[in-house]
Amino acid sequence: MNYSFCPNILSGFCPQLYQYSSLAAIPFSALGLSINIMLLYLFLTDAFFQTTIYYFIRFTIIWDITSSLVSLVVYSFMAWHNFNYLGGVLLCRFGHYFVFMSYGISVMSLCMVAMDRYFAILKPFSVRYQKFQRLYVRKCQYIILFFSACVCIPYLTMFVVYPEDPLLCDHQIITPAVSAFFILITLLFYVFPCIIITFFYWKIISYFRQYVRPGQLEPVVQEENTKKKKFIKRLIYISTCYLILSWPYFAIICAIGMSKLNILQIRRLGVVYNLLTFFAVVITINITIMNPFILLQFDNNIREKFKQLLLKMCNIRKRWRLLKVQSSIN
């Protein structure tokens, strides 16, 4: 059977699309990896980030680093076509496994962050919240890790590549089990987290809109209202950004599960379907690379500390150059 990836006019276009996209993704993966490592250093060394919410973010960063490393390796092999059929199978399966396990850890950690913010703002004196902070933070991280690792196990067996095209990760036959897995992972990694995040943040937004402290002067009330609006916008931006970046991939796999068409068959329908499928997968796979930029954009504390770290690194580099020049003169 001929498993040609792109028939007729697409036969030369698709391999080039993979190669050029991989070449373009390598510097972005390296940049995302570097920023994640710097953020992890901040979270480990700065006392400001030793709180519950930043514990979960740090946990996410650790697995974003793992995912970025895997992505960097996969992109490097894809850019130079440095593997055969067996190599393509291994890269496809393990690449998808680690990337989507990291994605699951990230999205469930965001759910825990949303829940933590809900209790911290609306119910700060709750006994359950105090107990959660003291006892269950680390246990929740282990549960999230174990759950994501188990849910993603089918990625290690269900993907194949074609001998004529080892770059294409696909499923030769969309069985009922594959369809059920696609629907299940969409529910667990997208639908339920979106509902949880939206619920908790909407509760916080409603609280800030309705709550006004008594006995305050008008200018103080206006200043607090301004801060509340900025905080509400920040929450909306974070939630909306993650939802927009995540939905294309899950829409594609749901379509695959319901239509029983694999990626090869979908891409044979034309260039438009080919590009839609390609970019839907690429955007979601690279969300772990974009996560640090989202944190820097929407968290003022992380952004300011990151700037300080960059200035410190620049000063160290200048001092090192100065010492090198002085030693060469002497």
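This section describes the fold of a single chain, its helices and strands, and its aromatic pairs, as seen in a predicted model.

The chain contains eleven helices and two strands. From the N terminus on, the order of these elements is α-α-α-α-α-β-β-α-α-α-α-α-α. Of the 330 residues of the chain, 47% count as buried. Among the contacts with a separation of 6 or more, 80% are made by residues 24 or more positions apart in the chain. The exposed area of the chain is about 18100 Å², and 68% of this area is supplied by carbon and sulfur atoms.

Three of the helices illustrate how length and burial can be described. Helix 2, formed by residues 52-80, has 29 residues. The distance from its first C-alpha to its last is 43 Å, close to the 42 Å expected at 1.5 Å a residue. Helix 2 is mostly covered, with 21 of its 29 residues buried.

Helix 9 comprises the 15 residues 271-285. At 1.5 Å a residue, helix 9 should span 21 Å, and the 21 Å between its end C-alpha atoms agrees with this expectation. The buried residues in helix 9 are Asn 274, Thr 277, Phe 278, Ala 280, Val 281, Thr 284 and Ile 285. Viewed down the axis of helix 9, these buried residues fall within an arc of 165 degrees, and they therefore line one face of the helix. The face of helix 9 turned away from the buried side carries Val 272 and Leu 276, which are exposed.

Helix 10 is built from the twelve residues 287-298. Its expected span at 1.5 Å a residue is 16 Å, in agreement with the 16 Å that separates its end C-alpha atoms. Within helix 10, buried positions are occupied by Ile 287, Thr 288, Ile 289, Asn 291, Pro 292, Ile 294, Leu 296 and Phe 298.

The two strands are paired with each other. Strand 1, residues 160-162, runs antiparallel to strand 2, and two bridges join them. The two strands form a hairpin, with two residues between them. Asp 165 in strand 2 is the bridge partner of Tyr 162. Strand 2 consists of residues 165-170, and five of its six residues are buried, so this strand is largely enclosed by the rest of the structure.

Aromatic rings provide a further view of the packing. A pair of aromatic rings is described by the distance of the centres and the angle of the planes. The chain holds 18 aromatic pairs when ring centres within 6.5 Å are counted. In one of these pairs, the rings of Phe 48 and Tyr 54 have centres 6.1 Å apart and planes at 45 degrees, so the pair is tilted. The two residues are covered to unlike extents: Phe 48 is partly exposed, with a relative accessible area of 38%, whereas Tyr 54 counts as buried at 7% relative accessibility.

A stacked arrangement is found for Tyr 190 and Phe 250, whose rings are 5.3 Å apart centre to centre with 25 degrees between the planes. Tyr 190 lies in helix 6, residues 176-210, and Phe 250 lies in helix 7, residues 218-259, so the pair ties together parts that are 60 residues apart in sequence. Tyr 190 counts as buried at 17% relative accessibility, and Phe 250 counts as buried at 2%. Tyr 190 and Phe 250 also belong to a cluster linked by ring pairs. The other members of this cluster are Phe 100, Tyr 103, Tyr 155, Phe 159, Phe 181, Phe 182, Phe 189 and Tyr 249.

Two individual residues complete the description. Thr 157 has its place in helix 5, residues 155-158, and counts as exposed at 57% relative accessibility. Although Thr 157 and Arg 93 are 64 residues apart in sequence, their C-alpha atoms are 7.0 Å apart in space. Lys 260 lies in the loop between helix 7 and helix 8, the latter formed by residues 263-267. Most residues other than glycine have a negative phi. Lys 260, although not a glycine, has a positive phi of about 65 degrees. This lysine, Lys 260, is partly exposed, with a relative accessible area of 39%.

Conventions: Residues are numbered from 1 along each chain as its sequence is written. This is a predicted model: local features need pLDDT of at least 70, side-chain atom pairs count only at pLDDT 80 or more; totals for chains, interfaces and linings use all residues. Side-chain values use heavy atoms; hydrogens and water are left out. Helices (H or I, at least four residues) and strands (E, at least two) are DSSP runs, numbered from the N terminus. The expected span of a helix is 1.5 Å times one less than its number of residues. Buried means under 20% relative accessible area, exposed over 50%, partly exposed in between (1.4 Å probe, protein chains only). The arc is that of the directions from the helix axis to the C-beta atoms. Two strands pair if DSSP finds at least two bridges between them. Rings of Phe, Tyr and Trp (its six-membered ring) pair if their centres lie within 6.5 Å; planes under 30 degrees apart count as stacked, over 60 as edge-to-face and the rest as tilted. Contact means heavy atoms within 4.5 Å. Accessible areas come from the Shrake-Rupley method with a 1.4 Å probe; for residues, only the protein chains shown count as cover.
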